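Biologist: I would like to learn how to read salt bridges in a protein model. Could you take me through them slowly?

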Amino acid sequence: MSHIKGKKVLLRAHGEPPSTYELASRNNIRIVDATCPVVLQLQKKIKKQFVQISPETSQIVIYGKIGHAEVNGLVGQTEGKAIVIEKKDDIERLDMNKDIYLFSQTTMSLDSFHEIINEIEQRISQEVSFRYFDTICRQVANRIDNIKLFASHHDLILFVAGEKSSNGRVLFLEARKANPNSYLISNSDDINPQWLENMQSIGICGATSTPKWLMEDIAGALKNEEQKTNR
């Protein structure tokens with residue numbers, strides 16, 4: 001920490017827990033906060049709910065990817081007391097005799113979120129309260145139908161995203177549902193020439209944060225590969 005005292009630090013879009021800001025303040029670190037506004041609003045909602053409930057009778061639950069930076073920031077709003085669930089099996093960890101307040105990481109699948117809701121509704125005691133908050137970013141959710149349509153119109157799909165991109169993973173899986181011949185790549189070096197054999201139509205798409213120049217680079221690599229094949 002000593003090597004960044006008094007420096008300027010950029011916080012990425014995923015957001016950070018309150019402890020990060022406190023640490024920066026103690027060490028005279030200047031923060032450039034690039035946290036996504038949607039994530040900031042979600043943090044505030046969770047914090048507000050947390051201070052209003054009693055941990056003895058209620059649970060804050062976050063549907064999201066365990067260990068993801070955004071989720072860590074959300075859990076931080078509850079002093080580390082929120083329960084993170086990643087799949088339906090994780091619901092076993094919840095106390096169905098306590099009130100449940102369910103939030104979602106902004107980049108999770110909307111369909112999967114509703115599956116979690118339905119599962120909790122079936123299991124929770126009728127004596128307690130269950131409230132859920134749809135906090136999924138529509139920039140991701142609204143792209144799903146378009147991604148599916150796009151994927152179904154091509155022989156091969158190259159989905160461009162970072163390996164750790166949560167919304168990239170969600171969108172890629174939707175593309176693969178529509179077209180099993182879909183591959184997740186992070187750059188042109190990941191392209192396997194064998195994928196391209198006998199393919200008439202190749203579609204390139206990406207995550208919300210995938211830069212346009214990277215997808216253009218992938219397109220250029222495909223054109224170079226086509227030229228090699230036609231020689």
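Modeller: What follows is a short conversation about salt bridges and the residues that form them. This is a predicted model, in which local features need pLDDT of at least 70 and side-chain atom pairs count only at pLDDT 80 or more, while totals for chains, interfaces and linings use all residues. Residues are numbered from 1 along each chain as its sequence is written, and side-chain values use heavy atoms, with hydrogens and water left out.

Biologist: What is a salt bridge, and how many does the structure hold?

Modeller: Side chains of opposite charge can pair when their charged atoms come close. The term means a side-chain nitrogen of Lys or Arg within 4 Å of a carboxyl oxygen of Asp or Glu, and the structure holds five of them.

Biologist: Which parts does the pair R123 and E92 tie together?

Modeller: The side chains of R123 and E92 meet at 3.0 Å, N to O. R123 lies in helix α4 (residues 110-123) and E92 in the loop between β4 (83-85) and β5 (99-104), so the pair ties together parts 31 residues apart in sequence. Here helices (H or I, at least four residues) and strands (E, at least two) are DSSP runs, numbered from the N terminus. E92 and R123 are also linked with E119 in a network of salt bridges.

Biologist: Is E174, the partner of K177, buried or exposed?

Modeller: Buried means under 20% relative accessible area, exposed over 50%, and partly exposed in between (1.4 Å probe, protein chains only). E174, at 4%, is therefore buried, whereas K177, at 62%, is exposed. Their closest N and O atoms are 3.5 Å apart.
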